[in-house]
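Me: I'd like to learn how to read a model like this one, feature by feature. Can you walk me through it?

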Amino acid sequence: MAAILRPSLRLVAHLFCIAPFVLILVAIFRNSLGPDPADELAVRTGEWALKFLIFCLCVTPIRRLFVLQRIAPLRRLFGLYSFFYSVLHCFVYVAFLLQFRWMEVMEDVAERPYITVGLASFCILLVLALTSPRSVVRRLGRRWSSLHKLVYVAAVLALLHQFWIVRVSIAESALYAIILIPVLGYRLWQKFVNSPSGYSKT
Amino acid sequence: MLIKFRSKSDVLSSEITPESIYYSRRNFLAGGAGLALGVAATGFPNLALSADGDALRARAPEDIARSAPSPWWEAKFASINPAARGGPFSTDETLTPYGDVVSYNNFYEFGVEKGDPIANSGRFEVDPWSVTIEGEVDKPGIYNLEDILKPQALEERIYRLRCVERWSMVIPWVGFPLADLIKQFQPNSKAKFVQFFTLFDPSQMPGQRSRFSTISWPYREGLRIDEAMHPLSFLAVGVYGNYLPPQNGAPIRLVVPWKYGFKSIKSIVKIRFTETEPETSWSMLAPEEYGFYANVNPEVHHPRWRQDMETRLPQSLFGSSRMPTEIFNGYGEQVASLYSGMDLAKFY
């Protein structure tokens with residue numbers, strides 16, 4: 001089990017994660033989201049869901065490389081906040097962009113690949129969030145860590161979803177990909193070359 | 001074309017308070033200066049203004065009074081003919097507030113976010129400005145904008161603008177018919193198409209410096225010659241009775257109201273008359289998503305956006321301003337005949 005996070009770090013992390021939500025609320029009340037607030041909300045919530053997912057994946061490599069054991073709990077924290085923002089993102093899409101016209105939601109999912117992959121990513125995050133309470137982790141045992149490897153799939157799908165929407169500039173997608181590729185590479189390298197204890201079959 | 005005479009009850013847009021005065025109201029209230037002084041200071045003669053409440057206007061930037069790019073512009077803007085009411089050159093629909101028109105823009109030369117153009121175009125130089133005329137014309141050459149505008153009488157047009165991203169606005173433009181400009185240069189019988197180019201100047205346009213851009217600059221657009229000669233096709237040099245801000249395509253831009261917004265190319269520096277269909281930026285980038293014609297059509301969907309509905313801006317979070325999209329953006333009566341016999345699903 002990871003070392004207990006010092007309360008101050010935990011508090012700072014929570015404040016950091018909740019800040020974008022507070023800023024979004026302020027923008028709603030100040031009516032400063034521009035002429036198409038629903039669209040702007042969808043963009044902001046989606047961006048933060050993706051950012052926290054990437055932060056979450058960075059925790060373990062940074063922890064191992066810099067021997068920072070105490071940041072281990074941040075992985076779960078960032079992951080759950082990513083889920084939180086993805087719930088907001090989906091809510092904005094269904095409630096504000098489509099005003100609960102479920103037929104159109106279904107049509108989007110069926111006909112528009114960027115929606116389909118976005119939903120797939122969300123479904124993975126949902127399963128991971130439901131299996132993240134400590135009691136469930138204990139009950140699932142080793143299967144938990146296999147299940148939670150799906151987070152990498154969720155990240156790739158989320159990035160694809162974002163990339164598909166942007167039409168003319170790949171700058172933002174490229175930035176995320178530049179972070180994501182070494183993180184994924186590090187995990188693969190560990191798995192196949194280094195074979196750390198616990199994963200090794202030999 | 002319908003010629004409409006003014007009836008007594010018609011409110012000329014020139015009779016409505018100009019936005020510049022409206023927005024400077026606090027200045028003269030605070031300073032205790034007289035209204036007359038305020039009028040003298042702003043210098044704009046007239047024009048349309050949204051009849052909506054303060055809540056919508058509150059979003060507009062305070063400093064909207066634009067100074068003339070150079071003195072001859074002031075003379076040019078001294079008289080502007082109001083849009084003929086009741087016909088296609090005007091509409092009774094609520095205008096999109098000035099603040100939204102100038103702050104929510106797709107102009108990728110200045111950045112890909114909607115707020116980038118207003119943020120990055122503050123120092124854009126529009127004077128002097130020249131336009132190159134080339135190709136199948138009897139009078140090719142490089143013309144000063146002043147000379148191009150000299151024979152044109154400015155008029156107002158209130159048009160719907162429908163973006164392929166499914167949002168729409170209603171905008172009061174100031175300008176003159178594209179046909180009048182084209183006649184000036186006398187295209188020959190081989191001129192079947194007209195191509196337009198936006199300025200290429202990476203030192204002023206940060207979007208053109210980006211390595212991550214997928215557009216090959218300069219931005220270019222085109223029309224068939226009969227589309228270009230249509231009375232609805234318009235060249236705008238102003239908006240809301242005011243000089244065009246850079247983010248809206250200063251100093252001169254195209255407005256083709258029955259086509260998706262990306263056809264209405266901004267900051268034009270070159271017009272080329274061609275015999276064959278010219279290249280257009282979006283169909284060069286994604287030919288399966290964007291065709292040459294790009295007519296607003298609720299039955300032909302873009303792969304990423306259904307096109308049978310649109311959101312009229314501004315909208316609030318809790319009240320939808322969605323409305324059905326009309327064929328040719330509601331200008332079908334005027335333009336449908338241009339496409340008779342054409343399969344619009346094939347020529348999208």
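Reply: Sure. Let's begin with burial in chain B: buried residues make up 44% of its 348 residues. Keep in mind that this is a predicted model.

Me: What does the secondary structure of chain B come to?

Reply: Chain B has 12 helices and 12 strands. Looking at contacts with a separation of 6 or more in chain B, 73% of them link residues 24 or more positions apart.

Me: How far should I trust the coordinates? What pLDDT does each chain average?

Reply: The general idea comes before the numbers: where pLDDT is low, the predicted coordinates should not be read in detail. Chain A averages a pLDDT of 87, and 91% of its residues score at least 70. Over residues 198–202 of chain A, though, the pLDDT is below 50, and this stretch has two contacts in the model beyond near neighbours in sequence. Chain B averages 84, with 81% of the residues scoring at least 70. Residues 18–61 of chain B stay under 50, and for them the model has 73 contacts beyond four places in sequence.

Me: And the complex as a whole? What ipTM and pTM does the predictor give?

Reply: The predictor gives an ipTM of 0.74 and a pTM of 0.79 for the complex.

Me: How many residues of each chain are in contact with the other?

Reply: On the chain A side there are 15 residues, in contact with 19 residues of chain B. Helix H2 (37–66) and helix H9 (171–194) of chain A each supply at least two residues of the side that touches chain B. By class, that side of chain A has 10 nonpolar, three polar and two charged residues.

Me: How do I check whether a helix has the length it should?

Reply: Multiply out the rise and compare it with the distance between the ends. Helix H3 of chain A (residues 74–97) has 24 residues, so at 1.5 Å a residue it should span 34 Å; the end C-alpha atoms are 32 Å apart, which agrees. Have a look at what follows H3(A), too: Gln99(A) has a positive phi, near 45°.

Me: Now sheets. What should I look for?

Reply: Strands of a sheet pair through backbone hydrogen bonds, either parallel or antiparallel. In chain B, five strands form an open sheet in the order S2-S1-S10-S5-S6, with mixed pairing. Strand S2 (141–144) and strand S6 (220–224) of chain B are the edge strands, each pairing on one side only. On average, neighbouring strands of this sheet are turned by 20° against each other, direction ignored.

Me: Which pairs can I trace residue by residue?

Reply: Try strand S1 (residues 130–135) of chain B, which pairs with S2(B) in the antiparallel sense over four bridges. Within that pair, Thr132(B) stands opposite Ile142(B) in S2(B). S1(B) and S2(B) form a hairpin, with five residues between them. Another pair to follow is strand S5 (residues 193–198) with strand S10 (residues 268–274) of chain B: six bridges join them, and they run antiparallel. There, Phe193(B) has Thr274(B) as its bridge partner in S10(B).

Me: Let's try single residues. Is Arg160(B) buried or exposed?

Reply: Count the C-beta neighbours. Arg160(B) has 21 of them inside 10 Å, so it counts as buried, the cut-off being 20 or more. Arg160(B) sits in strand S3 (residues 155–162) of chain B. Leaving out residues up to four places away in sequence, Arg160(B) touches Thr91(B), Ser168(B), Val170(B), Pro257(B), Asn329(B) and Gly330(B).

Me: And what about Pro314(B), where is it found?

Reply: Pro314(B) is in the loop between strand S11 (309–312) and strand S12 (322–324) of chain B. With 23 C-beta neighbours inside 10 Å, Pro314(B) counts as buried. Pro314(B) and Thr96(B) are 218 residues apart in sequence, yet their C-alpha atoms are 6.7 Å apart in space.

Me: Last one: which residues does Trp164(A) touch?

Reply: Not counting residues up to four places away in sequence, Trp164(A) touches Pro113(A) and Tyr114(A). Trp164(A) belongs to helix H8 (residues 150–165) of chain A. With 17 other C-beta atoms within 10 Å, Trp164(A) is partly exposed. The C-alpha atoms of Trp164(A) and Gly118(A) are separated by 10 Å, and the two residues are 46 residues apart along the chain.

Methods:
Residues numbered from 1 in each chain as written. Chains lettered and ligands numbered in written order. Predicted model: local features only at pLDDT ≥ 70, side-chain atom pairs only at ≥ 80, totals over all residues. Contact = placed C-beta atoms within 7 Å. Nonpolar A, V, L, I, M, F, W, Y, C, P; charged D, E, K, R; others polar. pLDDT = per-residue confidence, 0-100. Expected span 1.5 Å × (residues − 1). Pairing = 2+ DSSP bridges. Axes fitted to C-alpha atoms, helices over the stretch in contact; angles between N-to-C directions. Buried ≥ 20, exposed ≤ 12 C-beta atoms within 10 Å, placed from the backbone.
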